Amino acid sequence: MKQDILNYFSNINTRTKGIIVALLGAILMSFDPIFIRFSGVGGFDTIFLFGLFTAISMSALVQLREKRSIVQLIRTNGWPLIIPSFLMLGSASAFVLSVKNTSVANTFIILSATPAIAALISWIVLKEKTNSATWLAILFVIIGVFIVVNGSFDSGNWKGDLLAFVSVLCLSVMFTILRKYSKVNRFTVVALGGFFLAFVMFFFAKPSSYSIHTWIIMAAMGLFSAPLGRVLSMIATRYATASEISLTLMFQNVLAPILAFIFFNEVPNTKSLIGGGIIFLTIVLYIINLSKQSTKK
C-alpha cells in the first residue's frame with residue numbers, strides 16, 4: 001500500500017502535488033475554530049496559547065529536520081522568511097478574533113476571497129499568469145461568497161467579518177511572497193510566526209488564569225493541527241501558483257461550518273448553504289480538471 005502511494009505521487013505533475021498537499025492542509029485547518037471555541041478563554045489568550053505551542057512544536061521540528069537553529073535559518077533566509085512570519089501574526093490573530101466575534105460560516109466564507117486577492121497580488125507583483133480555468137473557478141467562488149454575504153451580514157457581526165477580511169489580505173500577500181521565494185524554509189516561517197504571536201499577545205494575556213482544560217485544548221491545536229496545516233499550505237506553494245493554492249484551501253471554508261454544526265449546532269442560513277455548495281463544487285471540479293491534465297502529460 002505504501003509503495004502504491006509513493007508510485008502514485010511520483011507519476012503526477014508538480015501542480016497536482018501542490019493541490020493535494022494544500023488540500024491536506026485545508027482539512028487540518030478546518031478544525032481550528034473547534035479548538036478556539038472549546039478553549040474557554042478570550043481572543044488574546046487563545047492567540048497567545050496558539051502562538052506559544054506553535055513556536056515550541058515547530059522549533060523542535062526545525063531543529064530535527066535541518067540540524068540548525070532557527071536563528072541560523074533566519075540569517076540564511078533573511079527578510080523573505082521574516083516578512084511571511086509577520087504576516088502569519090496578522091492572519092492568525094485576525095482569524096482567531098474573527099471566530100470569537102462572528103459565526104464560523106461567516107469567517108470562512110469571507111476567507112473565500114483569498115484566491116481572488118492572491119491572484120491579483122501575484123499578477124501585479126510577480127507578473128504571474130493565471131490560466132482561464134483558474135480565473136473561471138475564482139469567478140464561481142466569488143459568486144458563492146456574494147450569495148453568502150448577502151444573507152449573513154444582517155447579523156450585525158461586522159467586527160468579526162472585518163477581521164476575517166484582514167486575515168484574507170495577510171494570507172494573500174504571504175502566499176505570494178512564498179511563491180516568489182520558494183526555497184524559504186516553511187517550517188521556520190511557522191515557528192517564527194508562532195513566536196511573534198506569543199510575544200505580542202503575552203502583554204494582553206493572563207496565563208495564570210487558565211484551567212487545565214484550556215491548556216490541553218490549545219496544546220492539541222498549537223502542537224499539531226494548526227501548525228501542520230499551515231506548513232502544508234506553505235509547502236504547496238513550491239508546486240503550484242499562489243491563486244491555485246488559495247483556491248484549494250477554500251475546502252476548509254466548506255468543511256469548517258459543517259464541523260461547527262456537528263460540535264455547536266451552529267446552522268448556516270439558506271444562502272450560506274447555497275453559496276458554500278457552489279464553492280465546494282467549484283473546488284471539486286477544479287481539482288478533477290487538474291488531475292485530468294496531469295494524466296495527459
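Which hand, left or right, does the crossing of helix 8 and helix 10 have? The crossing of these two helices is right-handed, a crossing being left-handed if the near helix is turned anticlockwise from the far one by less than a right angle, and right-handed if clockwise.

This is a predicted model, in which local features need pLDDT of at least 70 and side-chain atom pairs count only at pLDDT 80 or more, while totals for chains, interfaces and linings use all residues. Residues are numbered from 1 along each chain as its sequence is written, and side-chain values use heavy atoms, with hydrogens and water left out.

**Overall fold**

The protein has 15 helices and zero strands; helices (H or I, at least four residues) and strands (E, at least two) are DSSP runs, numbered from the N terminus. Of its 297 residues, 54% count as buried, that is, under 20% relative accessible area, with exposed meaning over 50% and partly exposed in between (1.4 Å probe, protein chains only). Among contacts (heavy atoms within 4.5 Å) with a separation of 6 or more, 90% come from residues 24 or more positions apart.

**Two helix pairs**

Two packed helices are described by the angle between their axes and the distance between the axes. Axes are lines fitted to C-alpha atoms, for helices over the stretch in contact, and angles run from 0 to 180 degrees between N-to-C directions.

| Helix pair | Angle | Axis distance |
|---|---|---|
| Helix 8 (residues 114–125) and helix 10 | about 45 degrees | 9 Å |
| Helix 2 (residues 14–29) and helix 14 (residues 251–264) | roughly 25 degrees | within 8 Å |

The angle in the first row makes helix 8 oblique to helix 10. Angles under 35 degrees count as roughly parallel, over 145 as roughly antiparallel, 65 to 115 as roughly perpendicular and the rest as oblique. In this pair, Thr 114, Ile 117, Ala 118, Ile 121 and Ser 122 of helix 8 meet residues of helix 10 that include Val 168, Leu 169, Leu 171 and Phe 175. By class, this contact has eight nonpolar, four polar and no charged residues. Here Ala, Val, Leu, Ile, Met, Phe, Trp, Tyr, Cys and Pro count as nonpolar, Asp, Glu, Lys and Arg as charged, and the others, Gly among them, as polar.

For the second row, helix 2 and helix 14 cross at roughly 25 degrees, which makes helix 2 roughly parallel to helix 14. Their crossing is right-handed. Leu 23, Ala 26, Ile 27 and Met 29 of helix 2 make the contact with Phe 251, Gln 252 and Leu 255 of helix 14. Those residues divide into six nonpolar, one polar and no charged.

**Arg 37 and Glu 266**

Arg 37 is found in helix 3 (residues 32–38) and, at 28% relative accessibility, counts as partly exposed. A polar atom of its side chain lies 3.3 Å from the backbone oxygen of Thr 102. Arg 37 and Phe 263 are 226 residues apart in sequence and 9.8 Å apart in space, C-alpha to C-alpha.

Glu 266 is placed in the loop between helix 14 and helix 15 (270–296). Beyond neighbours within four places in sequence, the contacts of Glu 266 include Arg 37, Ser 103 and Pro 257. A polar atom of the Glu 266 side chain lies 2.9 Å from the backbone nitrogen of Val 104.

**Asn 185**

Asn 185 lies in the loop between helix 10 (158–180) and helix 11 (186–202), and at 9% relative accessibility counts as buried. Its side chain makes a polar contact with the side chain of Glu 66 (2.9 Å). A polar contact is a pair of N or O atoms within 3.5 Å; within protein, one must be able to donate a hydrogen and the other to accept it, and residues adjacent in sequence count only if both atoms are side-chain atoms.
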